[in-house]
Amino acid sequence: MFKNFHADAYFDDITKVSPEYLKEKGIGGIILDIDNTLIGHNVPIPDEKVLRHLRLFEESGLKLCVVSNNKYDRVKNFSEKIGVRFFVHEALKPKARGYDAAAKQMGLDKKNIAAIGDQVFTDVWGAKRAGCFAILTKPLHKGGEGFFIALKRILEKPFIK
Ligand SMILES: [Mg+2]
């Protein structure tokens, strides 16, 4: 069970994940987490650098799907703003349901999908359970997250290289 808490790969942030690296691994699509993966805390839209990187993924033929535990309006609006067509709301990560829905939208097998996120117990665990390639990034915003997220970060520590 604990093996599902270890990501397949670790990167500082999403812009460090190159399309070439993913394609070498047989990846055809990417599941994107929103908070602290694409944007910091209370920030409406990603940095220009992150947006450019998303376009680079697409130009390399990689499909993108936002998968979030957030409500429909937030996920839909956010996905539109960043120019990503596919999205899954109320995904209930780490349950597999959201990953299944994303795979269906992108028309890919889950083993050919990389899921990029910042949290071990939602993003990594969910991706591993679903059979996706799990990539853990450092959270874009540290601090100011409240007690429970701070606690979770401490519990995550043993599973992060
Ligand atoms: Mg997150």
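**Exercise 1. Is D118 buried or exposed? Work out how this residue fits into the metal site.**

Step 1. This is a predicted model, so take everything below as computed from it. D118 has a relative accessibility of 2%, so it counts as buried, the cut-off being under 20%.

Step 2. Now look at the magnesium ion. Its protein donors are D33 (OD), D35 (O) and D118 (OD), lying 2.1 to 2.2 Å from the ion. Along the sequence, the donor residues follow the spacing D-x1-D-x82-D.

Step 3. Place two of these donors in the fold. D35 sits in the loop between strand 2 (29-32) and helix 2 (48-59), while D118 is in the loop between strand 5 and helix 5, so this pair ties together parts that are 83 residues apart in sequence.

Step 4. Check the accessibility of D35 as well. At 30% relative accessibility, D35 counts as partly exposed.

**Exercise 2. Explain why the search of the whole structure finds 0 disulfides, using C65 and C132.**

Step 1. Recall the chemistry: a disulfide is a covalent bond between the sulfur atoms of two cysteines.

Step 2. Check the distance. For the sulfur of C65, the closest cysteine sulfur is the one in C132, and at 10 Å that is too far for a bond. Going the other way, C132 finds its closest cysteine sulfur in C65, again at 10 Å. The cut-off to beat is 2.5 Å.

Step 3. See where these cysteines sit. C65 is buried, with 0% relative accessible area, and C132 counts as buried at 5% relative accessibility.

**Exercise 3. Trace the aromatic cluster that includes F159.**

Step 1. Start with the total: the structure holds 7 aromatic pairs. One of them is F5 with F159, an edge-to-face pair with 5.0 Å centre to centre and 65° between the planes. The F5–F159 pair links distant parts of the chain, with F5 in the segment before strand 1 (9-11) and F159 in the segment after helix 6 (147-156), 154 residues apart.

Step 2. Add F121. F121 and F159 also pair edge-to-face, at 6.0 Å centre to centre with 80° between the planes. Here F121 belongs to helix 5 (residues 120-130), and F159 is 38 residues away in the segment after helix 6.

Step 3. Put the pieces together. F5, F121, W125 and F159 make up one aromatic cluster. F5 and F159 are both buried, and F121 is buried too.

Step 4. Don't skip the cation: R129 lies over the face of W125, 4.6 Å from the ring centre.

**Exercise 4. Work out how helix 5 and strand 6 are enclosed.**

Step 1. Take helix 5. Of its 11 residues, 8 are buried, so helix 5 is largely enclosed by the rest of the structure. Among the buried ones are V120, F121 and V124.

Step 2. Find the packing partners. The buried residues of helix 5 pack against helix 4 (97-106), strand 5 (113-117), strand 6 (133-137) and helix 6. Right after helix 5 comes G131, whose phi is positive, near 90°.

Step 3. Turn to strand 6. Here 5 of the 5 residues are buried, so strand 6 is largely enclosed as well. Both faces are covered, with F133, I135 and T137 buried on one side and A134 and L136 buried on the other.

Step 4. Look at the strand neighbours. Strand 1 runs parallel to strand 6 and is joined to it by 3 bridges, with A9 opposite I135. Strand 5 also pairs with strand 6 in the parallel sense, over 4 bridges, and G117 stands opposite L136.

Technical notes: Residues numbered from 1 in each chain as written. Predicted model: local features only at pLDDT ≥ 70, side-chain atom pairs only at ≥ 80, totals over all residues. Heavy atoms only, no water. Buried < 20%, exposed > 50% of the residue type's maximum accessible area, 1.4 Å probe, protein only. Phe/Tyr/Trp six-rings, centres within 6.5 Å; stacked < 30°, edge-to-face > 60°. Helix = DSSP H or I, 4+ residues; strand = E, 2+ residues; numbered from the N terminus. Lys NZ or Arg CZ within 6 Å of the ring centre and 35° of its normal. Contact = heavy atoms within 4.5 Å. Donors = N, O, S within 2.8 Å, 3.2 Å for Na, K, Ca; no water. Pairing = 2+ DSSP bridges.
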